[in-house]
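User: I would like to learn how to read a protein model. Could you take me through the main features in order?

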Amino acid sequence: MKKSEKKLEKKEIQSIVNEIDTIMFGAPMKLRFNKFKGVDLVGGTMGALCAAMIASGFEDTKVKVASVGVGFAVGTIISCASHNETHYYMYEKAYLNLSRANQVKVLDLVEKLVKLLELDIKNDKNKKYVEKYLDLDKESTMFNNFENNHPHFEILSQEKIDEIHERDKLTPEESYNDWISHVCAPGDHSGSAAWRCKKYGNCRDCLVAYAMEQEEWNPLRFIPTNIFDREVDYDCDPKSEVVKSMKKE
């Protein structure tokens, strides 16, 4: 493959990747995979120092040198492994924070990238880059996992949204945003939402699933209340005598 063709291929790939990143993060992330990092050198150096300290008890110089070399290699390997690419979780969090419309845009671009990989990409380095970016496992990408492992909103037509708004109601997606911006509600892990907490394990999925149980919701309304102005049922209140004396005072 000619160098110019490789560059054109890479440019096309990067264009799609940048578009996905911009939807998710507001700007291209410019991820680089399998690059030797400074942290790897630091890990290797620490490994070499540890090995030198252990080997200081040996008299044979060759053994000392070999120990330092082995220590450097082991330290570098451990450093590489512990700082391996973990863009999966960063992208998962960003994807789940997108509106449903933007999630669909991302999925369309991912499908375009997968088709490019299957049919058009010839250069091995470009193939590996796309595979790593998509975190490709057989035929499944990390974006497939984001989509399949979490509940999501349906995209409503503008006509449907207008109908809901005419009734002074909110769509499920709008209700979710309303709830999550104030208090993680309704319900809690030990009350009415206990089964949802157990099933989903996080507020985002729990609330999305709950919001999708109805087509429309009432918006949250907070009414200021003075607790001292409440009416007391003296016949039922177990401390009615105390309350009565307080009110007389």
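Analyst: We will go from the overall fold to a helix, a core, two residues and a pocket. Keep in mind that this is a predicted model.

User: How many helices and strands are there in the protein?

Analyst: There are 12 helices and 0 strands. Read from the N terminus on, the elements run α-α-α-α-α-α-α-α-α-α-α-α.

User: What share of the contacts in the protein with a separation of 6 or more comes from residues 24 or more positions apart?

Analyst: Such pairs account for 69% of those contacts.

User: And what can be said about the surface and the interior?

Analyst: The accessible surface comes to about 17200 Å², and 55% of that belongs to carbon and sulfur atoms. As for the interior, buried residues make up 32% of the 249 residues.

User: How do I judge a single helix? Why is helix H4 described as largely enclosed by the rest of the structure?

Analyst: Count its buried residues, where buried means under 20% relative accessible area. In helix H4, residues 87-96, 7 of the 10 residues are buried, so the rest of the structure largely encloses this helix. The buried ones are His87, Tyr88, Tyr91, Glu92, Ala94, Tyr95 and Leu96.

User: Which helices are included in what covers the buried residues of H4?

Analyst: The cover includes helix H1 (3-25), H5, helix H6 (124-134), helix H7 (142-148) and helix H11 (203-211).

User: Now the core. Which residues of the largest nonpolar core touch the most other members?

Analyst: This core has 28 residues, and those touching the most other members are Ile20, Met24, Leu113, Tyr133 and Phe143. At least two residues of the core come from each of H1, H4, H5, H6 and H7. H5 gives the most, with 7 residues. Apart from this core lies another, of 8 residues, including Leu207, Tyr210, Ala211 and Trp217.

User: With which residues is Phe143 in contact, leaving aside its neighbours within four places in sequence?

Analyst: Its partners are Ile20, Met24, Tyr91, Tyr95, Val106, Leu107, Val110, Tyr133 and Leu134. Two of these names, Tyr91 and Tyr95, also appeared among the buried residues of H4.

User: How would I examine one residue at a time? Is Ser175 buried or exposed?

Analyst: Take its relative accessibility and compare it with the cut-off already given. Ser175 has a value of 1%, so it counts as buried. This serine lies in helix H9. Not counting residues up to four places away in sequence, Ser175 touches Leu170 and Trp217. Trp217 is also one of the members of the 8-residue core.

User: Why does Cys206 count as buried?

Analyst: Cys206 is at 6% relative accessibility, and therefore counts as buried. Cys206 lies in helix H11. Beyond its neighbours within four places in sequence, Cys206 is in contact with Arg196, Cys197 and Tyr200. From Cys206 to Ala194 the distance is 10.0 Å, C-alpha to C-alpha, with the two 12 residues apart in sequence.

User: Last, how is empty space found, and what is the volume of the second largest pocket?

Analyst: Rolling a probe the size of a water molecule over the atoms shows where empty space is left. Here the second largest pocket has a volume of about 280 Å³. It is lined by 16 residues, and the closest to its centre are Glu154, Ile155, Leu156, Thr171 and Glu173.

User: Which helices supply at least two residues each of that lining?

Analyst: They are helix H5 (100-119), helix H8 (158-166) and helix H9 (172-182). The largest share, 3 residues, comes from H9. By type, the lining divides into 7 nonpolar, 3 polar and 6 charged residues.

Technical notes: Residues are numbered from 1 along each chain as its sequence is written. This is a predicted model: local features need pLDDT of at least 70, side-chain atom pairs count only at pLDDT 80 or more; totals for chains, interfaces and linings use all residues. Side-chain values use heavy atoms; hydrogens and water are left out. On a 1 Å grid over the protein atoms alone, a cavity is a set of points where a 1.4 Å probe fits but cannot get out, and a pocket is an open set with protein on both sides within 12 Å along at least five of seven lines; lining residues have an atom within 4 Å of a point. Grid points are joined across faces, edges and corners, and a volume is the space filled by probe spheres set on the points. Helices (H or I, at least four residues) and strands (E, at least two) are DSSP runs, numbered from the N terminus. Ala, Val, Leu, Ile, Met, Phe, Trp, Tyr, Cys and Pro count as nonpolar, Asp, Glu, Lys and Arg as charged, and the others, Gly among them, as polar. Buried means under 20% relative accessible area, exposed over 50%, partly exposed in between (1.4 Å probe, protein chains only). Contact means heavy atoms within 4.5 Å. A nonpolar core is a set of buried Ala, Val, Leu, Ile, Met, Phe, Trp, Tyr and Cys residues joined through side-chain atoms within 4.5 Å. Accessible areas come from the Shrake-Rupley method with a 1.4 Å probe; for residues, only the protein chains shown count as cover.
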